[in-house]
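Please look over the structure below with its helix packing and its internal spaces in mind. The briefing that accompanies it is arranged by topic.

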Amino acid sequence: MKQIVLLLLIITFNMGCSNNKHSKSSKYPSYKGLVMAGYQGWFSTPTDGGNRGWYHYSEGRKFEPGQCSIDFWPDMEEYEIKYETAFKMPDGSAATVFSSYDKATVDLHFKWMQEYGIDGAFIQRFIASLGDNKNLNHNNTVLKNAINVSQKYNRAIAVMYDLSGTTKNNYKNIISDWKNLVDQMKLTNRGDEQTYLYHNGKPLIAIWGVGFNDNRKYGLTEVEEIIDFFKNDPVYGGCSILLGVPTFWRELNSDAINDTRLHDIIKKADIVQPWLVARFDDKSYGKIQKSIVEDIAWCNKNDLDYVPVVFPGFSWHNMFSNDRSNRIPRNKGTFFWQQLYGAINVGSEMIYIAMFDEIDEGTAIFKCSKKVPVGESTFVAIEEDVETDHYLWLSGQASKMLKKEIIIQEKMPTR
């Protein structure tokens with residue numbers, strides 16, 4: 001009788017598993033050993049066909065001197081499609097920008113990832129934007145293009161859902177969106193040689209914005225429901241989870257809510273990713289590195305993986321005029337390398353770079369210009385004695401260091 005019951009349980013389990021829509025594996029079966037970058041893909045222009053205007057280039061309808069929200073200017077030399085702006089370069093020529101809506105733009109960015117040895121990207125999707133047709137069309141277009149070029153350039157790709165702006169009324173949009181991505185875009189079911197990033201043998205979903213104490217309109221109850229869906233749904237679930245949490249998630253203070261339930265929810269995940277951007281500079285990094293060591297120990301004790309966030313510098317003066325320009329200087333890459341070396345040296349097995357293309361907050365690692373527009377708005381230029389691809393190159397060197405293809409070195413390498 002016991003054997004019959006056991007057989008029935010096995011048959012039932014296998015029947016449930018057979019309904020799951022994800023491919024069994026991927027070219028990228030684990031995040032371990034990889035250097036991944038966040039990819040916003042949110043920049044639009046009035047004439048790119050997406051009908052969103054100057055999206056993320058400016059917080060208003062106009063994008064002109066004195067009215068913009070970016071602090072770095074992209075190096076436009078290699079872009080196939082360029083859009084003229086009202087800004088002027090030092091020689092009087094019109095300054096141009098790109099649109100993330102164009103397939104050629106996404107193609108170039110993933111080409112750079114391959115060229116410099118960055119393993120792939122987490123494509124950002126904001127839950128608050130999923131209910132707006134224009135934004136959803138843009139996000140879907142960027143993601144479709146990213147899926148295709150990730151296969152072209154053999155780069156890992158994953159989705160990161162950002163809960164910023166989410167409420168208790170729309171948080172379930174993440175569930176319906178994921179179902180659409182699996183069914184319509186075949187995001188995770190393109191065969192075992194697909195480039196979608198897996199971890200612990202399952203598709204990896206990143207959920208960012210869990211446990212922050214900045215009065216968000218959703219709470220741990222909603223987050224737990226989302227996690228349970230991705231972990232346990234028999235058709236669309238069976239996923240691994242990366243949780244983006246506050247810097248002081250372990251201590252439950254500062255930027256984190258003071259609620260021990262946060263730890264219980266984190267223990268349901270597979271990877272912990274504390275947000276470290278703008279929390280320190282080169283002089284105060286030692287405290288953060290000590291925290292990374294303690295974070296890793298906590299994760300090891302609780303059978304979790306850990307990924308630190310690194311960033312090249314920080315500036316959002318044009319977005320918030322009361323904040324000084326170039327608040328956390330890049331120092332020609334030494335600040336960035338300090339974090340890359342520091343994380344790997346204390347045992348980090350994977351790296352998350354914030355961000356590939358975020359010129360809003362000055363954290364972009366892609367090619368930014370050494371010559372910037374002149375006029376009312378203040379832009380931060382890449383330092384004269386380093387190349388515009390310097391931060392891409394350093395990211396690739398860190399990837400080699402993580403994979404033990406080159407020795408671990410504290411001093412920033414030179415070309």
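What follows covers two helix contacts, then the largest pocket, then the cavities.

The model is predicted, so that local features need pLDDT of at least 70 and side-chain atom pairs count only at pLDDT 80 or more, whereas totals for chains, interfaces and linings use all residues. Residues are numbered from 1 along each chain as its sequence is written, and side-chain values use heavy atoms, with hydrogens and water left out.

**Helix packing**

- Two packed helices are described by the angle between their axes and the distance between the axes.
- Helix 2 (residues 103-116) and helix 3 (residues 133-152) have axes that come within 9 Å and cross at roughly 40°, where axes are lines fitted to C-alpha atoms, for helices over the stretch in contact, and angles run from 0 to 180 degrees between N-to-C directions; helices (H or I, at least four residues) and strands (E, at least two) are DSSP runs, numbered from the N terminus.
- That angle makes helix 2 oblique to helix 3, given that angles under 35 degrees count as roughly parallel, over 145 as roughly antiparallel, 65 to 115 as roughly perpendicular and the rest as oblique.
- The crossing of helix 2 and helix 3 is right-handed, meaning that the near helix is turned clockwise from the far one by less than a right angle.
- On the helix 2 side, the contact (heavy atoms within 4.5 Å) is made by Lys103, Val106, Asp107 and Phe110, and on the helix 3 side by Asn145, Ala146, Val149, Ser150 and Lys152.
- These contact residues of helix 2 with helix 3 divide into four nonpolar, two polar and three charged, with Ala, Val, Leu, Ile, Met, Phe, Trp, Tyr, Cys and Pro counted as nonpolar, Asp, Glu, Lys and Arg as charged, and the others, Gly among them, as polar.
- Helix 4 (residues 173-184) and helix 5 (residues 220-232) have axes that come within 10 Å and cross at roughly 25°, and the two helices are therefore roughly parallel to each other.
- Helix 4 passes helix 5 in a right-handed crossing, with Ile174, Ile175, Trp178 and Lys179 of helix 4 in contact with Ile226, Phe229 and Phe230 of helix 5.
- The contact of helix 4 with helix 5 has six nonpolar residues, no polar ones and one charged.

**Largest pocket**

- The largest pocket has a volume of about 640 Å³; on a 1 Å grid over the protein atoms alone, a pocket is an open set of points with protein on both sides within 12 Å along at least five of seven lines, a cavity is a set where a 1.4 Å probe fits but cannot get out, and lining residues have an atom within 4 Å of a point.
- Grid points are joined across faces, edges and corners, and a volume is the space filled by probe spheres set on the points.
- Among the 31 residues lining the largest pocket, Trp42, Phe126, Asp162, Ser164 and Glu361 are the closest to its centre.
- The largest share of this lining, three residues, comes from strand 4, and the lining as a whole has 14 nonpolar, eight polar and nine charged residues.

**Cavities**

- The structure holds two cavities of 30 Å³ or more, and the largest cavity has a volume of about 50 Å³.
- Gln40, Gly41, Ile123, Gln124, Arg125, Asn139, Val142 and Leu143 line the largest cavity, with strand 4 and helix 3 as the elements that give two or more residues.
- The second largest cavity holds about 30 Å³ of space, and helix 3 gives the most to its lining, with three residues.
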